[in-house]
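This report describes how the interior of one protein chain is put together, beginning with its nonpolar residues and then turning to two of its helices. Please keep the sequence and the model in view while reading.

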Amino acid sequence: MTEEVCTTQQAASLLGMSVTSVQHLVESGEIEAWKTRGGHRRIPLSAVQAYKAIVGKTSVAGDGQFTILVVEDNPIQRGIYESQINSWRLPVRVRVCENGYKALIDIAGVRPDVLLLDIMMRGIDGYEVMQTVMAYPELSDVNIAVLTSLSMAELEARGGLPTGVSYFSKPVVYEELRGYIRACLAQKMKRLSAQITVKR
């Protein structure tokens, strides 16, 4: 083969995520790869660069609508979140993903304004999604909140939450979550208003 290839470890370093995350992306077919006779994964450098370009895309939806992405592996809980948020009649669009690697693909296509993450998920968990998003400066204005049954002490034992990430304990108090989303919405409206003023 003449094409440059890299190991899973090297791909993880280039993408700013864990080796486990890269393995899951390879197994799900999101990143092209092949195995040596010894069973070691080899990933074309072009495949890594292509995936990095996808995740790095930051185009806002054409309608400029405020978008909330819910990442939750429990289908019942996903439905409850979606129903609750839609019942608030806020000018928002709710999208849902059942796992971490699908969330990363979704984030690449339509950058959400708010990312609501379950922490405990199979494969790429909420921590991995959060760390990947925060590794891209282009996604710095995405508001991230974790919705988890883990206590703050348990989260601290796992390294804690980065500055700026909000915490909601399960079962979620929906009035508090609505207040958070309304604050994020107001923040975006203020930012857009400032941009319009500058252009004038």
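## Contacts around Leu115

Contact here means heavy atoms within 4.5 Å. In this predicted model, Leu115 touches Leu69, Val71, Ile107, Val129, Val133, Val142, Asn143, Ile144 and Ala145, leaving aside residues up to four places away in sequence.

## Two nonpolar cores

The largest nonpolar core has 37 residues, and among these Ile43 and Leu115 touch the most other members. At least two residues of this core come from each of helix 1 (8-15), helix 2 (19-27), helix 3 (45-56), strand 4 (66-71), helix 5 (100-109), strand 6 (114-117), helix 6 (126-134) and strand 7 (143-148). The most is given by helix 6, which supplies 4 residues.

A second core, separate from this one, contains 21 residues, including Tyr81, Leu116, Tyr174 and Leu185. In soluble globular proteins, nonpolar side chains tend to be buried together.

## Helix 2

Ser21, Val22, Leu25 and Val26 are the residues to look at in helix 2, where they are buried. These residues lie on the same side of helix 2 because they cover an arc of only 135° around the axis. Gly29 follows helix 2 and has a positive phi, near 85°.

## Helix 6

Helix 6 is largely enclosed by the rest of the structure, because 7 of its 9 residues are buried. Those buried residues are Gly126, Tyr127, Glu128, Val129, Met130, Thr132 and Val133. At the start of helix 6, the backbone nitrogen of Tyr127 has a side-chain oxygen of Asp125 within 3.1 Å.

Technical notes: Residues numbered from 1 in each chain as written. Predicted model: local features only at pLDDT ≥ 70, side-chain atom pairs only at ≥ 80, totals over all residues. Heavy atoms only, no water. Core = buried A, V, L, I, M, F, W, Y, C linked by side-chain atoms within 4.5 Å. Buried < 20%, exposed > 50% of the residue type's maximum accessible area, 1.4 Å probe, protein only. Arc of directions from axis to C-beta. Polar contact = N/O pair within 3.5 Å; in protein donor to acceptor, adjacent residues only side chain to side chain.
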